[in-house]
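Thanks for sending this one over. Here are a few notes to read alongside the model.

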2 protein chains.
Amino acid sequence: MTKIIVQKFGGTSVGSVERIDAVADIIADASKTAKIVVVVSAMAGETNKLVNLAKNFSENPDKREFDALVSTGETVSSALLSLALHSKGIKAKSYSASQISMKTTDTYSKAKILDVNSEKILQVIKEETIPIITGFQGVTEDGDITTLGRGGSDTTAVAIAAQIGAERCDIYTDVDGIYTTDPKIVPNAKKLDSITMEEMLELAGQGAKVMQTRAVEFANKYNVPVRVLSSFNEGSGTLITLEEESMENALISGIAFQKDQVKFTLHGVGDIPGTAFKILGPISDAEVEVDVIVQNVSVDGKTDFTFTVPYEDQETVIKIIDSIKDEVKFKQMMVDSDIAKVSLVGVGMRSQAGVASRAFKALSENEVNIQIICTSEIKLTMVIDKNLTDKAVKILHEEFDLEN
Amino acid sequence: MTKIIVQKFGGTSVGSVERIDAVADIIADASKTAKIVVVVSAMAGETNKLVNLAKNFSENPDKREFDALVSTGETVSSALLSLALHSKGIKAKSYSASQISMKTTDTYSKAKILDVNSEKILQVIKEETIPIITGFQGVTEDGDITTLGRGGSDTTAVAIAAQIGAERCDIYTDVDGIYTTDPKIVPNAKKLDSITMEEMLELAGQGAKVMQTRAVEFANKYNVPVRVLSSFNEGSGTLITLEEESMENALISGIAFQKDQVKFTLHGVGDIPGTAFKILGPISDAEVEVDVIVQNVSVDGKTDFTFTVPYEDQETVIKIIDSIKDEVKFKQMMVDSDIAKVSLVGVGMRSQAGVASRAFKALSENEVNIQIICTSEIKLTMVIDKNLTDKAVKILHEEFDLEN
């Protein structure tokens, strides 16, 4: 059987009638050599417009209604893209989450994919028709509409690619590929031809913004090769590979940073088993992504417990901490949103010592103070003052010779 | 059990955030004395905006995609109205056609309702929650989205009222009720407190524009009392009653007119059995509404066959006639869109003779030529020159003493 490629187009890629027409050309071209399945986001700006409509009635609208509302953007773009393909003589049909049974949990606005009717998609392909599937949307067991959270269309695309056994998932966006860091901050940042799944996972998690973390996790878990490329310019983009397929690894692949974070510190927590779970359990239950978790050594049986969460979840987390304060005794809660995370990522770090000390030295020589340090096998994350983010990224980019 | 009222709000009634808020007040108020089920149209202008988006890709877009696209307007307004009710402390949940299994035929853009899951709606009511249901939308057996055609939300509302055994269906719109004729043409036209289903059926069919014909048919068939009233001004509107409930009938209840019509005449058709069916069968199969059907007496076994259809269906009908021209032999097809239909409607016509002659006399004295006459038990329709429509309506309104 001919190979199947899943193509995902983001909001800017379908941001206007002209862009939708251009995307239809890309699909038509690709359909000459492969079976194509398309996943599409809402037209850029549409989701925000819908969010603002909801905000007229409530600052914190009911999530079930909110999801039903904002998911309409994808229904619109999928139908339009299908019409654009028809106008070029290509057979296509739009499908909503409900129509392909994209089953999710009922955690509205942050739903997780459980299953998808791959038979139906394969049947459409068999009929020589290109399925144009709404990204971002899901449906609960009860038939209620859910959404996967911002950037969820990437996850839709990778999940479908995994389920139907696609050869590759192409994520079309407004950038040419994955760079060593944000070219807006470091103009001579370099485009990578390939990157390993693990590195991409760390980069995405740290806010490289090109692809949603969960989508990379899915790709990693189900071994779906992913390519990130531009729908605006021709080019081969960046291939996200399984590690064994990749070339000799550079020491550092890239530098990620994230400014929209908030740091929580619980001061004077009892250093007894189960404390971390008591704090992070309910936060995780609320589907808040917790990153950088640090617990200092204990003094007199008391310790400080620090973690970061996305800024948008600040109020949720404050409420949760408040609800568990009798159970988890602490002296004081400190909340600081004036911070940023900067991370060095590279599978080469595994085999080469000294990355951390080189980074600390370079930053301290330039008077960037490091508040928190947190390391994994292939990542070194530092929490610093938000105002120093750009400076720190430039220093590290130069220090590790990532320039073009 | 408390009585159930279905309330339907049209596009202008929910045309802005402020309007949606006002409608939520109407619902909140009504919910104090009855169980409420709401059916809602798209915000005014939204459907046209979506139609225009589609027109960018094709003048005649694929109807499956078109329906998926335009139906999103109702999903948006139902979610927003639900949020507006939440902001007033009222429990509400939005439901799409798919969620309440509003099953229809797969005649996209003109789908007909087959069934609806009334159990689900009743269950929501039981949970003290107001269901806010998308009008206009349907779903095929295969799960594809359909729409019921312009004004289809009325039909949705009445069909639901019938299925759940509602006490009444209130159609909220931007007019205060049903008038003897269009007040824009005759300023002293009178609002009717009640009108019979049959009269309303004839009025709606003739383009009174307040309520969709199919909705009135449904109401008539399932004995659902309907009230037409304004969401902008307080008032009791016009109650559409079963005949036995109504007061003594006036001779004429109102005058309807319709300008967006086109008249087809097939000249020299063989006057043999089955001809009318051969012509009208395929037109009806294409879901085109045929009105005024006239066949003159035969001369030499040949006759003229005339009928009117909505202007928007002109091209469709021309194609159909073309496809059957070998079967139905005729000498010439004449198409005239420069016409209008004017109708006198009233159950009183049954028992009182002379209405037709009074109408003809009044029009002829004022030099309005009548091209075609077509009568039913409670209606007298005349096809005249489109330019004389307003004049004819005024003459007849005065002749039959309908002034306020």
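The points below go from the sheet of one chain to the way the two chains meet.

1. A reminder before we start: this is a predicted model. Please read every value below as computed from that prediction.

2. Let us begin with the sheet in chain B. It is an open sheet of eight strands with mixed pairing, and the strand order is β3-β6-β2-β1-β9-β11-β12-β10. The edges are held by β3 (92-95) and β10 (194-196) of chain B; each has a single partner strand, so one side of each lacks a neighbour in the sheet. On average, neighbouring strands here are turned by 20° against each other, direction ignored.

3. One strand pair is worth a look in your viewer. Strand β2 (residues 35-40) and strand β6 (residues 130-134) of chain B run parallel and are joined by three bridges. Which residue of β6(B) is the bridge partner of V39(B)? That partner is I133(B).

4. Next, the helix that lies across this part of the fold. Helix α6 (residues 152-164) of chain B lies across β1 (4-9), β2, β6, β9 (168-173) and β11 (226-230) of chain B. Relative to β1(B), helix α6 of chain B runs at about 175°.

5. On domains, chain A is divided in two: domain 1 covers 4-174 and domain 2 covers 255-399. Their C-alpha centres in chain A lie 34 Å apart.

6. Now the contact between the chains. 28 residues of chain B are in contact with 28 residues of chain A. On the chain B side, α2 (46-55), α3 (63-70), α4 (72-86) and β3 each supply at least two residues. The largest share of that side, nine residues, comes from α4(B). Sorted by class, the side of chain B that touches chain A has 13 nonpolar, eleven polar and four charged residues. Note that β3 of chain B, already met as an edge strand of the sheet, is among the elements that contribute to this side.

7. Finally, the symmetry. Chain B superposes on chain A with an RMSD of 0.1 Å after a rotation of 179° and 0.1 Å of shift along its axis. The two copies are therefore related as by a two-fold rotation axis. Where does chain B have its C-alpha nearest the axis? It belongs to T72(B), 2.8 Å from the axis. The interface fits this picture: 100% of the interface residues of chain B are also interface residues in chain A, so the copies meet through the same surface.

Notes
Residues numbered from 1 in each chain as written. Chains lettered and ligands numbered in written order. Predicted model: local features only at pLDDT ≥ 70, side-chain atom pairs only at ≥ 80, totals over all residues. Pairing = 2+ DSSP bridges. Helix = DSSP H or I, 4+ residues; strand = E, 2+ residues; numbered from the N terminus. Axes fitted to C-alpha atoms, helices over the stretch in contact; angles between N-to-C directions. Contact = placed C-beta atoms within 7 Å. Domains from an automatic or database assignment. Nonpolar A, V, L, I, M, F, W, Y, C, P; charged D, E, K, R; others polar. Least-squares fit on C-alpha atoms with pLDDT ≥ 70 in both.
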